[in-house]
Amino acid sequence: MSVSEFENVTTGSPRGETPRTAAARPKGEPRFPGGPAADPAGSHHERRIRSFQPRRSRVTAGQADALRRLWPLWGLDIDGLRALDLDEMFGGLPVVLEIGFGMGEATARMAAADPATGILAVDVHTPGQGNLLGLAERAGLSNVRVANGDAIILLREMLPPAALDGLRVYFPDPWPKKRHHKRRLIQPDFLTLAASRMKPGAVLHCATDWEPYAEQMLEVLGAHPDFENTEAAGGYAPRPAFRPLTRFEGQGLDKGHVVHDLLFRRRET
């Protein structure tokens, strides 16, 4: 499969049918035996405001098949109970963490374009997890792993210091209502945690099409002592060539949306 084909591929049946409905599944039986857990870190019982909400939209037959077959090989649950060995997981490749990948088309394209970099992609969207696994299999990608659960727990409890060569947060939920701004991911506490897991010189790359959130990102990142703007003059960065322009982003641009990229480097000290 060529890189250009990722935009138009999903792993599913033509009608999006699932082979088995929830009603037909015996009570207590996992939705996808051996696949992603419904609440992998439920034992933590944390009273913490989260920046995401699990979405239980329909899983196609193709996505379900990918989850059943490929999750044991390329998937992991963020349970907070074990430390990850990224060198073992990715064969010694430098690793970039991507938080929130949607349906995985952009992730698969970036992995195909840069096979010398491992991508640890985190999301809680079950159809997207299955779709990305299917895309990786079809394209023969060996540098993608899919993680299910809360990225904060992954960073805090499962990754050692200075483990990451980069961090990507593309189009996170903007939580537009003022009373929900506290749920936004890009906050000072998150940046402090992220910096502790990033190697000196590693780049945090954020992108959003929500102008007020872009302004907040720029303000918070610019004020954080662990990061420096890669733009010498400050402000937003041009979209780098390695971040694909997705179909959905293109539709937004056609409607007049403005997308802002922010690239901030982990300081050496």
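**Exercise 1.** Which residue in strand 5 does Glu98 stand opposite?

*Solution.* The model is a predicted one. Begin with the pairing: strand 2 (residues 95-99) and strand 5 (residues 164-170) run parallel and are joined by three bridges. Within strand 5, the residue opposite Glu98 is Arg168.

**Exercise 2.** Determine the strand order of the open sheet and identify its edge strands.

*Solution.* Step one is the order: the eight strands follow 1-4-3-2-5-6-8-7, and their pairing is mixed. Step two concerns the edges: strand 1 (75-77) and strand 7 (227-229) each pair on one side only. Step three adds the geometry: on average, and with direction ignored, neighbouring strands are turned by 25° against each other.

**Exercise 3.** State which strands helix 4 and helix 6 touch where they pack on the sheet.

*Solution.* Helix 4 (residues 126-139) touches strand 3 (118-123) and strand 4 (144-148). The direction of helix 4 makes about 165° with that of strand 4. Helix 6 (residues 188-197) touches strand 2, strand 5, strand 6 (198-208), strand 7 and strand 8 (260-266). The direction of helix 6 makes about 135° with that of strand 6.

**Exercise 4.** Describe the largest nonpolar core and the contacts of Leu86.

*Solution.* This core has 42 residues, of which Leu86 and Phe190 touch the most other members. Helix 5 (residues 151-158) supplies the largest share, six residues. Leaving aside residues up to four places away in sequence, Leu86 touches Gly91, Val95, Leu120, Leu159, Ala163 and Leu164. Another core, of 23 residues, lies apart from the largest one and includes Leu70, Trp74, Leu135 and Ala207.

Definitions and conventions: Residues numbered from 1 in each chain as written. Predicted model: local features only at pLDDT ≥ 70, side-chain atom pairs only at ≥ 80, totals over all residues. Heavy atoms only, no water. Core = buried A, V, L, I, M, F, W, Y, C linked by side-chain atoms within 4.5 Å. Buried < 20%, exposed > 50% of the residue type's maximum accessible area, 1.4 Å probe, protein only. Helix = DSSP H or I, 4+ residues; strand = E, 2+ residues; numbered from the N terminus. Contact = heavy atoms within 4.5 Å. Pairing = 2+ DSSP bridges. Axes fitted to C-alpha atoms, helices over the stretch in contact; angles between N-to-C directions.
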